[in-house]
Amino acid sequence: MEEIAQEQPLIEKRVEDALVLTKEWTDKSKKRGDFLRWLDELEISAEQVLDKYESYQESKDNIRKINELEAQIQKNKISTNLLANYSGKAVLVQIQHSCDLLQQEIEFKNKLRSLNNLDEATSIARWALETDSILDQRQEGIIRMFQNQDIRVDKPQDKLYRYLPSPEILIHGEIPVYSEDKLGFWLNLNGVLEFISKDFEPVFNTGNKDDIKKYFEVQTSNIAKDIQGLEKSLADLSVLYGILKELGDADEYVKAWGAKWELDVQLQSHELFALKKDELVDHFNLANDSEVPAKAMQYENSYKTLKKKENELITLSSNLSQLEKSFIDAISDEQVVGIKSKWRFDSAGQPTALNDLVDASDNAEFYADFFGIYKNQEKNYAGSERIKELDRLINELKSKRNDAYGKCPELFVSTYVPKIRQYEEVEQLREDCSAAENKYIVKYNVIAGENLNNNFKRFEDSGDFQALCAEILPPEILSDENILEKDVIEKIGKYLADINLKNKKLNSRKLNKLASIIEDVWLEVSTQLNIARQIRNFLNDDEKIISGGHKATLAEIKDNSLSADWMQIFVEKIKKDAELGSDETLFEQEKGITNELEKYHSLTDKLQQAYYRSGGDRNLKPKIKDLLNPKSYYGLKFSMVNSSGKKNDGSNSQTYSAIALLCIAKLALLDKKSGSKDKDAIRFMAIDEAAGLGKNFDMLYKIAEANDYQIISMSISPHKIDAAKQNIYLLHNSVEDDEVNYDPVPIFGLLENGTV
């Protein structure tokens, strides 16, 4: 007890220190996980997160204005694209000018709609429709020109306008053409020249009046749609004008909108922006430290081990205290001593007294001997009252015997004749005994036959209970040679309970190990996706444009991939169960997935069921190697897309450039892992037939120059010769041996003295 009392404060201090470290590294692991999750959500690199954070801190006022403006735009249900057309100063004046232009366009369209309306009896188009003549392209061009100028066949009230009372006079006969080209001709109106366009599809070159009517109906319908669109744009611009005027300082609001940084404004509520600068840097540094999860797990396991030891000490101390309180103080009972003396009770052969024990508390056998002697003496001490009771009964019997003898001495003469049972009764008892014995032997043989293969004959019909138990039961159960049959069942029950407890502990250890493996798989998935993201960011750089506006892309695909969410759910469930204790506790039944997976013995079955019970798709039947393979949880698709984002296989040179970019991106990751861009290495880019790459060679050349690559190329014709930056060698076959070539011959380059 004293040793425990001395050790408890020490272990408590160690547990407290371990808990502090566990919380510290768990928090670090969480921060690291949060930062990696942000990279997934924002689809940017770790460095770009810091840049976006700085931009956000510098642009809070702009973001406020953006949010206010966007809220009003959404409230009034107009498009934010309207703002893209305005910048600089006097934005309201610009919008008003746009409204004026739209109004003019609407008036012009209404005018065109009127001109294309065949119901207008005075329009030239109506005259052309009613004429029986088929018009050639020149004649129709003249009709179209005057029609578009809203010149009619009736006399206008305003003398400033012109009119054409007899169009047939103008277009029939020989057309007075001054000059003509493929676009049109100059009409000579008695010295006044008017250009007539021929850039149209003829309509009046057919005698089918229905076709002509259909053409003008379509034109009228299209103009009506245009007017409708223009009116919608005018209404939206008017609403935008009102919004900006009400907000005040319209120029600053539009400027803020135009300066919207790459990160979507909606992300300004992201949790990372609530952090202080040093906190975000801490997250960033932890994300780059791959050892954080392992250390967090190490400290957590250390804490659990110490906590378990502390609990064991507390339990041991409590048990010893209870045991100490249960000890009885043996008091010498003079009455019992007198009874022992009266009946001449011999103490020889009785267990050793406690006083006879040697103080050897450092010997493990001391405690066993101590409790053995104590229990025997406790049993004897507890029998004191029984001894007194027996002594009293004996005295009473002796008194009654003496009384009986005094009254009738002849009863004590040795003439007692025992009762003779009837023959039938004796035979019945014998038969019952024989039947019970036979029944026992039959059952005995059945049990022996089921559990013994080689030694059954030795036990058959013997009925030896002790020998059979010793043969088929573990030795732990038969520690006492004189164990009774009724005690065997109790000991078997306790033995099975101990096995069950050991199985629970083994199951818990298996699941903790499995959770650790699954957590490692999840972290590896996150790491690989992060690498893919870095490659994608490299390829998306504006300097990596392939000829024709093409780009190489590396896209993450989820088709035919398992969802990684189940791994986090499973690990969290295991951790939650572990908080309830690792040994048999009052909360054992509260454990969830630990108890659910206990009935599955192999790790293979446990992993399979863990997947299904943590949200995995039950329609899938993944193999164990798939569940433990990080590449089962995502797919990557490398392709080339045009400027519109559509996949394009491209030419040979474009495809080669895309593959080269992918290789450079992967090698760039090696430099990044080394922690230094200037890592000692020979970097070279092999380009076959560089002359055939065209503009793509320039792009690859710039990338090679920026990343310290040499370009090695074999080409029939040297490409873009530059003596200061190129060395050219001539390769040719050996005439003596077809299997060996001549050494490369330098034919071009810059020597040390600067000569070529």
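**Helix α10, aromatic pairs and loop residues in a predicted model**

User: Which residues of α10 are buried in this predicted model, and within what arc do they fall?
Analyst: In this predicted model, the buried residues of α10 are L280, H283, F284, L286 and A287. Seen down the axis of α10, these buried residues line one face of the helix, because they fall within an arc of 165°.

User: How many aromatic pairs does the structure hold, and what is the angle between the planes of F35 and F284?
Analyst: The structure holds 8 aromatic pairs. One of them joins F35 and F284, whose ring centres lie 6.0 Å apart. Planes over 60 degrees apart count as edge-to-face, and the F35 and F284 pair is classed as edge-to-face with an angle between the planes of 75°.

User: How many residues apart are F35 and F284, and which helices hold them?
Analyst: This pair links distant parts of the chain, since F35 and F284 are 249 residues apart. The helix that holds F35 is α1, residues 2-42, whereas F284 belongs to residues 277-287, which form helix α10.

User: Is F284 buried or exposed, and what is its relative accessible area?
Analyst: Buried means under 20% relative accessible area. Its partner F35 is buried, with a relative accessible area of 0%. F284 is buried as well, because its relative accessible area is 13%.

User: Where is E291, and how far apart in space are E291 and S29, C-alpha to C-alpha?
Analyst: E291 lies in the loop between α10 and α11, the latter being residues 292-326, and with a relative accessible area of 46% E291 is partly exposed. In sequence E291 and S29 are 262 residues apart, yet in space their C-alpha to C-alpha distance is 9.5 Å.

User: What separates W566 and F570 along helix α19, and which aromatic cluster do they belong to?
Analyst: W566 and F570 form a tilted aromatic pair, 6.2 Å centre to centre and with 40° between the planes. Because they are 4 residues apart in helix α19 (residues 565-578), about one helical turn separates them. Both W566 and F570 are buried, and the one aromatic cluster to which they belong is formed by W566, F570, Y611 and Y612.

User: Which ring does the charged end of K28 sit over, and which ring does K65 lie over?
Analyst: The charged end of K28 is placed 4.0 Å from the centre of the ring of W25, over which it sits. For K65, the distance to the ring centre is 5.9 Å, and the ring whose face K65 lies over is that of Y253.

User: Which residues form the nonpolar patch on the surface, and what is their accessible area together?
Analyst: W186, placed in strand β2 (residues 184-189), is partly exposed because its relative accessibility is 38%. Residues of such a patch have over 30% relative accessible area and no salt bridge. The nonpolar patch on the surface is formed by Y178, L183, W186, L193 and F195, with an accessible area together of about 510 Å².

User: Where are A90 and D249, and what are their phi values?
Analyst: Most residues other than glycine have a negative phi. A90 is in the loop between α3 (60-75) and α4 (91-115) and, at 38% relative accessibility, counts as partly exposed; D249 is found in the loop between α8 (209-247) and α9 (250-258). Neither residue is a glycine, yet phi is positive in both, near 55° for A90 and about 50° for D249.

Methods:
Residues numbered from 1 in each chain as written. Predicted model: local features only at pLDDT ≥ 70, side-chain atom pairs only at ≥ 80, totals over all residues. Heavy atoms only, no water. Patch = residues over 30% accessible without salt bridge, like charges linked within 9 Å, V, L, I, M, F, W, Y side chains within 5 Å. Areas by Shrake-Rupley, 256 points an atom, 1.4 Å probe, with all protein chains shown as cover. Salt bridge = Lys/Arg side-chain N within 4 Å of Asp/Glu carboxyl O. Helix = DSSP H or I, 4+ residues; strand = E, 2+ residues; numbered from the N terminus. Buried < 20%, exposed > 50% of the residue type's maximum accessible area, 1.4 Å probe, protein only. Phe/Tyr/Trp six-rings, centres within 6.5 Å; stacked < 30°, edge-to-face > 60°. Lys NZ or Arg CZ within 6 Å of the ring centre and 35° of its normal. Arc of directions from axis to C-beta.
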